[in-house]
Amino acid sequence: RAVRTHRRRVLLKLSGEVFGGGKIGVDPDVVAAVAREVAPTTEDVEVSIVVGGGNFFRGAELSQRGMDRTRADYMGMLGTVMNCLALQDFLEQTGVDTRVQTAIPMSQVAESYIPRRAMRHMEKNRVVIFGAGAGLPYFSTDTVAAQRALEVHADEVLIAKNGVDGVYTADPKVDPQAEKISEISYQDALQRGLKVVDATAFSLCMDNKLPMHVFGMEGEGNLRKAIIGEKIGTVVH
Ligand code: UDP
(Lines give C-alpha, C1' and ligand atoms only; values in the text may rest on other atoms or scores of the structure.)
Protein backbone atom coordinates (compact mmCIF):
# COMPACT_ATOMS: atom_id res chain seq x y z
CA ARG A 1 0.00 0.00 0.00
CA ALA A 2 1.26 3.43 -0.89
CA VAL A 3 2.14 5.46 2.18
CA ARG A 4 2.16 9.20 1.56
CA THR A 5 5.40 10.49 2.95
CA HIS A 6 5.52 13.93 4.48
CA ARG A 7 8.82 14.97 3.12
CA ARG A 8 9.18 18.19 1.22
CA ARG A 9 8.28 17.71 -2.44
CA VAL A 10 9.32 20.15 -5.12
CA LEU A 11 8.93 20.66 -8.82
CA LEU A 12 12.00 22.29 -10.34
CA LYS A 13 11.85 23.98 -13.74
CA LEU A 14 15.13 24.03 -15.67
CA SER A 15 15.07 26.00 -18.89
CA GLY A 16 16.76 24.76 -22.03
CA GLU A 17 19.30 27.54 -21.68
CA VAL A 18 20.72 25.74 -18.67
CA PHE A 19 21.49 22.65 -20.74
CA GLY A 20 23.14 24.43 -23.62
CA GLY A 21 25.34 26.65 -21.49
CA GLY A 22 24.18 29.51 -23.76
CA LYS A 23 24.64 27.58 -27.01
CA ILE A 24 22.59 25.21 -29.18
CA GLY A 25 22.67 21.60 -28.03
CA VAL A 26 23.70 20.04 -24.73
CA ASP A 27 26.88 20.91 -22.85
CA PRO A 28 27.73 17.76 -20.85
CA ASP A 29 29.87 19.67 -18.34
CA VAL A 30 26.99 21.95 -17.44
CA VAL A 31 24.52 19.09 -17.10
CA ALA A 32 26.99 17.15 -14.96
CA ALA A 33 27.31 20.15 -12.65
CA VAL A 34 23.51 20.44 -12.35
CA ALA A 35 23.29 16.73 -11.52
CA ARG A 36 25.97 17.05 -8.83
CA GLU A 37 23.97 19.79 -7.13
CA VAL A 38 20.63 18.02 -7.31
CA ALA A 39 21.88 14.59 -6.21
CA PRO A 40 22.57 15.24 -2.48
CA THR A 41 19.17 16.89 -1.97
CA THR A 42 17.29 13.75 -2.92
CA GLU A 43 17.99 12.18 0.50
CA ASP A 44 15.57 14.59 2.15
CA VAL A 45 13.49 16.11 -0.62
CA GLU A 46 11.30 14.52 -3.27
CA VAL A 47 12.42 16.10 -6.51
CA SER A 48 10.66 16.28 -9.86
CA ILE A 49 11.95 18.34 -12.75
CA VAL A 50 10.32 19.90 -15.81
CA VAL A 51 12.84 20.48 -18.54
CA GLY A 52 12.67 23.22 -21.19
CA GLY A 53 13.94 23.01 -24.72
CA GLY A 54 14.92 26.49 -25.80
CA ASN A 55 18.51 25.32 -26.42
CA PHE A 56 17.17 23.38 -29.40
CA PHE A 57 13.99 24.94 -30.76
CA ARG A 58 11.34 27.42 -29.75
CA GLY A 59 8.14 27.03 -31.71
CA ALA A 60 7.32 30.73 -31.77
CA GLU A 61 10.74 31.58 -33.24
CA LEU A 62 10.58 28.89 -35.93
CA SER A 63 7.07 29.97 -36.91
CA GLN A 64 8.27 33.57 -37.36
CA ARG A 65 10.75 32.17 -39.85
CA GLY A 66 8.09 30.45 -41.93
CA MET A 67 7.32 27.15 -40.24
CA ASP A 68 3.87 25.98 -39.28
CA ARG A 69 3.49 26.85 -35.58
CA THR A 70 2.16 23.55 -34.35
CA ARG A 71 4.80 21.50 -36.16
CA ALA A 72 7.47 23.82 -34.80
CA ASP A 73 6.04 23.42 -31.30
CA TYR A 74 6.30 19.64 -31.61
CA MET A 75 9.96 20.10 -32.55
CA GLY A 76 10.31 22.21 -29.41
CA MET A 77 8.74 19.48 -27.29
CA LEU A 78 11.01 16.80 -28.79
CA GLY A 79 14.01 18.98 -27.94
CA THR A 80 13.06 18.90 -24.27
CA VAL A 81 13.29 15.10 -24.32
CA MET A 82 16.96 15.20 -25.35
CA ASN A 83 17.65 17.44 -22.36
CA CYS A 84 15.78 14.98 -20.12
CA LEU A 85 17.97 12.10 -21.27
CA ALA A 86 21.15 14.07 -20.68
CA LEU A 87 20.03 14.99 -17.17
CA GLN A 88 18.94 11.43 -16.48
CA ASP A 89 22.33 10.14 -17.52
CA PHE A 90 24.34 12.49 -15.33
CA LEU A 91 22.02 12.05 -12.35
CA GLU A 92 22.35 8.27 -12.58
CA GLN A 93 26.13 8.62 -12.74
CA THR A 94 25.93 10.23 -9.30
CA GLY A 95 24.01 7.18 -8.04
CA VAL A 96 20.54 8.72 -7.98
CA ASP A 97 17.66 6.70 -9.44
CA THR A 98 15.61 8.53 -12.03
CA ARG A 99 12.68 8.10 -14.36
CA VAL A 100 11.89 10.18 -17.40
CA GLN A 101 8.19 10.56 -18.19
CA THR A 102 7.10 12.15 -21.44
CA ALA A 103 3.79 13.74 -22.35
CA ILE A 104 4.14 12.23 -25.84
CA PRO A 105 4.51 8.44 -25.61
CA MET A 106 7.86 7.08 -26.80
CA SER A 107 8.16 3.79 -24.98
CA GLN A 108 11.74 2.86 -25.95
CA VAL A 109 12.97 6.13 -24.58
CA ALA A 110 10.93 6.92 -21.49
CA GLU A 111 7.81 6.14 -19.51
CA SER A 112 4.65 7.92 -20.48
CA TYR A 113 3.38 10.60 -18.14
CA ILE A 114 1.40 8.85 -15.41
CA PRO A 115 1.01 11.20 -12.44
CA ARG A 116 0.30 8.56 -9.81
CA ARG A 117 3.32 6.58 -10.91
CA ALA A 118 5.41 9.76 -10.84
CA MET A 119 4.42 10.33 -7.22
CA ARG A 120 5.26 6.74 -6.33
CA HIS A 121 8.71 7.15 -7.90
CA MET A 122 9.32 10.22 -5.76
CA GLU A 123 8.30 8.38 -2.62
CA LYS A 124 10.95 5.82 -3.54
CA ASN A 125 13.63 8.54 -3.79
CA ARG A 126 13.65 8.58 -7.57
CA VAL A 127 13.96 11.88 -9.35
CA VAL A 128 11.22 12.17 -11.97
CA ILE A 129 12.09 14.17 -15.05
CA PHE A 130 9.16 15.36 -17.14
CA GLY A 131 9.70 15.81 -20.87
CA ALA A 132 7.82 16.83 -24.02
CA GLY A 133 6.06 19.66 -22.21
CA ALA A 134 2.33 19.14 -21.95
CA GLY A 135 2.29 17.43 -25.33
CA LEU A 136 0.31 20.43 -26.54
CA PRO A 137 1.34 23.13 -28.99
CA TYR A 138 1.03 26.77 -27.82
CA PHE A 139 2.12 25.87 -24.29
CA SER A 140 5.38 26.78 -22.60
CA THR A 141 7.34 24.60 -20.24
CA ASP A 142 6.82 27.25 -17.51
CA THR A 143 3.10 26.54 -17.69
CA VAL A 144 3.79 22.81 -17.69
CA ALA A 145 5.91 23.26 -14.56
CA ALA A 146 2.95 24.83 -12.76
CA GLN A 147 0.56 22.15 -14.01
CA ARG A 148 2.80 19.20 -13.13
CA ALA A 149 3.56 20.71 -9.71
CA LEU A 150 -0.16 20.86 -9.01
CA GLU A 151 -0.87 17.39 -10.30
CA VAL A 152 1.92 15.66 -8.35
CA HIS A 153 1.13 17.73 -5.22
CA ALA A 154 4.45 19.51 -4.97
CA ASP A 155 4.75 21.94 -2.06
CA GLU A 156 6.47 24.52 -4.20
CA VAL A 157 7.45 25.19 -7.80
CA LEU A 158 11.07 26.29 -8.20
CA ILE A 159 11.94 28.34 -11.26
CA ALA A 160 15.68 28.33 -11.95
CA LYS A 161 16.79 31.33 -14.02
CA ASN A 162 19.92 32.12 -15.97
CA GLY A 163 21.35 35.62 -15.87
CA VAL A 164 18.90 36.93 -13.25
CA ASP A 165 18.53 35.94 -9.58
CA GLY A 166 14.88 36.66 -8.89
CA VAL A 167 11.99 38.95 -9.75
CA TYR A 168 12.91 42.61 -10.23
CA THR A 169 10.84 45.80 -10.30
CA ALA A 170 11.92 46.18 -13.96
CA ASP A 171 14.23 44.32 -16.34
CA PRO A 172 17.64 44.64 -14.60
CA LYS A 173 19.45 44.25 -17.93
CA VAL A 174 17.70 47.37 -19.25
CA ASP A 175 16.97 49.49 -16.18
CA PRO A 176 19.87 50.10 -13.75
CA GLN A 177 17.36 51.30 -11.11
CA ALA A 178 15.63 47.90 -11.07
CA GLU A 179 15.46 46.38 -7.60
CA LYS A 180 15.16 42.76 -6.56
CA ILE A 181 11.90 41.87 -4.83
CA SER A 182 12.10 39.26 -2.07
CA GLU A 183 8.38 38.53 -1.85
CA ILE A 184 5.42 39.42 -4.06
CA SER A 185 1.87 38.23 -4.65
CA TYR A 186 0.83 36.72 -7.97
CA GLN A 187 -1.75 39.46 -8.29
CA ASP A 188 0.92 42.18 -7.99
CA ALA A 189 3.33 40.39 -10.31
CA LEU A 190 0.62 40.08 -12.96
CA GLN A 191 -0.67 43.63 -12.51
CA ARG A 192 2.83 45.08 -12.73
CA GLY A 193 3.54 42.97 -15.80
CA LEU A 194 6.66 41.40 -14.28
CA LYS A 195 7.60 38.85 -16.88
CA VAL A 196 10.09 36.41 -15.41
CA VAL A 197 7.63 33.57 -15.80
CA ASP A 198 4.81 33.52 -18.32
CA ALA A 199 1.42 34.82 -17.27
CA THR A 200 -0.34 31.49 -17.78
CA ALA A 201 2.00 29.84 -15.29
CA PHE A 202 1.54 32.69 -12.80
CA SER A 203 -2.24 32.57 -13.00
CA LEU A 204 -2.40 28.78 -12.70
CA CYS A 205 -0.34 28.98 -9.49
CA MET A 206 -2.37 31.92 -8.20
CA ASP A 207 -5.72 30.19 -8.75
CA ASN A 208 -4.48 27.08 -6.96
CA LYS A 209 -2.45 28.75 -4.19
CA LEU A 210 0.81 27.10 -5.15
CA PRO A 211 3.86 29.07 -4.01
CA MET A 212 6.72 29.73 -6.43
CA HIS A 213 10.38 30.49 -5.79
CA VAL A 214 12.24 32.22 -8.63
CA PHE A 215 16.03 32.13 -8.20
CA GLY A 216 19.30 32.35 -10.13
CA MET A 217 21.31 29.30 -11.14
CA GLU A 218 24.60 31.19 -10.92
CA GLY A 219 26.51 30.81 -7.72
CA GLU A 220 27.79 27.63 -6.15
CA GLY A 221 25.09 25.78 -4.26
CA ASN A 222 22.13 27.89 -5.37
CA LEU A 223 20.27 25.01 -6.91
CA ARG A 224 20.82 22.91 -3.81
CA LYS A 225 19.70 25.72 -1.51
CA ALA A 226 16.50 26.30 -3.47
CA ILE A 227 15.63 22.61 -3.44
CA ILE A 228 16.08 22.25 0.31
CA GLY A 229 13.96 25.35 0.88
CA GLU A 230 16.34 28.27 1.48
CA LYS A 231 14.91 31.49 0.09
CA ILE A 232 17.59 32.98 -2.12
CA GLY A 233 15.53 34.62 -4.84
CA THR A 234 11.92 35.82 -4.93
CA VAL A 235 8.96 34.06 -3.37
CA VAL A 236 5.71 34.54 -5.28
CA HIS A 237 2.49 33.52 -3.54
N1 UDP B 1 6.38 23.46 -26.23
C2 UDP B 1 5.06 23.24 -26.59
N3 UDP B 1 4.19 22.77 -25.65
C4 UDP B 1 4.56 22.52 -24.37
C5 UDP B 1 5.90 22.81 -23.99
C6 UDP B 1 6.79 23.26 -24.94
O7 UDP B 1 4.68 23.45 -27.72
O8 UDP B 1 3.72 22.06 -23.58
C9 UDP B 1 7.37 23.85 -27.27
C10 UDP B 1 7.34 25.32 -27.62
O11 UDP B 1 7.55 25.45 -29.00
C12 UDP B 1 8.53 25.86 -26.84
C13 UDP B 1 9.50 24.71 -26.93
O14 UDP B 1 8.67 23.55 -26.84
O15 UDP B 1 9.04 27.03 -27.43
C16 UDP B 1 10.57 24.67 -25.86
O17 UDP B 1 10.02 24.94 -24.60
P18 UDP B 1 10.28 26.32 -23.83
O19 UDP B 1 10.41 27.43 -24.81
O20 UDP B 1 9.24 26.47 -22.79
O21 UDP B 1 11.68 26.00 -23.16
P22 UDP B 1 12.63 26.95 -22.29
O23 UDP B 1 12.38 28.39 -22.67
O24 UDP B 1 12.27 26.71 -20.87
O25 UDP B 1 13.99 26.47 -22.60
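**Exercise 1. Place threonine 98 in this predicted model: which strand holds it, and is it buried or exposed?**

Solution.
- Step 1: Start with the strand. Threonine 98 lies in strand E3, which covers residues 98–102.
- Step 2: Count the surroundings. There are 22 other C-beta atoms within 10 Å of threonine 98. The cut-off for a buried residue is 20 or more, so threonine 98 is buried.
- Step 3: Look for contacts beyond four places in sequence. Threonine 98 touches Gln88, Leu91, Glu92, Arg126, Val127 and Ile129.
- Step 4: Check one pair that is distant in sequence. Threonine 98 and serine 48 are 50 residues apart along the chain, while their C-alpha atoms are 9.5 Å apart in space.

**Exercise 2. Describe helix H4: how many residues does it have, and how far does it reach?**

Solution.
- Step 1: H4, residues 69–93, has 25 residues.
- Step 2: From first C-alpha to last, H4 reaches 37 Å, close to the 36 Å expected at 1.5 Å a residue.
- Step 3: Move just past the end of the helix. Glycine 95 takes a positive phi of about 100° there.

**Exercise 3. Characterise the shell around the ligand: which residues come nearest, and which helix gives the most?**

Solution.
- Step 1: The shell has 21 residues, and the nearest of them are Gly52, Gly54, Gly59, Gly76 and Gly133.
- Step 2: Sort the shell by class. Eleven residues are polar, seven are nonpolar and three are charged.
- Step 3: Find the helices involved. H1 (16–20), H3 (59–64), H4 and H6 (141–151) each supply at least two residues. H4 gives the most, with four residues.

**Exercise 4. Explore the largest nonpolar core: how many residues does it have, and which have the most contacts inside it?**

Solution.
- Step 1: The largest nonpolar core has 67 residues. Leu11, Ile49, Leu87 and Val157 have the most contacts inside this core.
- Step 2: H4 provides the largest share of the core, seven residues.
- Step 3: Take leucine 11 as an example. Beyond four places in sequence, its contacts include Ser48, Val50, Ala145, Arg148, Ala149 and Val157.
- Step 4: Add the wider context. Nonpolar side chains in soluble globular proteins tend to be buried together.

**Exercise 5. Explain why H6 is largely enclosed by the rest of the structure, and name what covers its buried residues.**

Solution.
- Step 1: Nine of the eleven residues of H6 are buried, so this helix is largely enclosed.
- Step 2: The buried residues run through Thr141, Asp142, Thr143, Val144, Ala145, Ala146, Gln147, Arg148 and Ala149.
- Step 3: Their cover includes strands E1 (8–14), E2 (45–51), E5 (127–131) and E6 (156–161), along with helices H4 and H8 (199–207).

**Exercise 6. Compare histidine 153 and lysine 209: where is each found, and what is the sign of its phi?**

Solution.
- Step 1: Histidine 153 is found in the loop between H6 and E6, and lysine 209 in the loop between H8 and strand E10 (212–216).
- Step 2: Histidine 153 has a positive phi of about 60° although it is not a glycine. Lysine 209, also not a glycine, has a positive phi of about 55°.
- Step 3: Now the surroundings. Histidine 153 has 14 other C-beta atoms within 10 Å and is partly exposed. Lysine 209 has 9 C-beta neighbours inside 10 Å, so it counts as exposed.

Notes
Residues numbered from 1 in each chain as written. Predicted model: local features only at pLDDT ≥ 70, side-chain atom pairs only at ≥ 80, totals over all residues. Near = placed C-beta within 6 Å. Nonpolar A, V, L, I, M, F, W, Y, C, P; charged D, E, K, R; others polar. Core = buried A, V, L, I, M, F, W, Y, C linked by C-beta atoms within 7 Å. Buried ≥ 20, exposed ≤ 12 C-beta atoms within 10 Å, placed from the backbone. Contact = placed C-beta atoms within 7 Å. Expected span 1.5 Å × (residues − 1).
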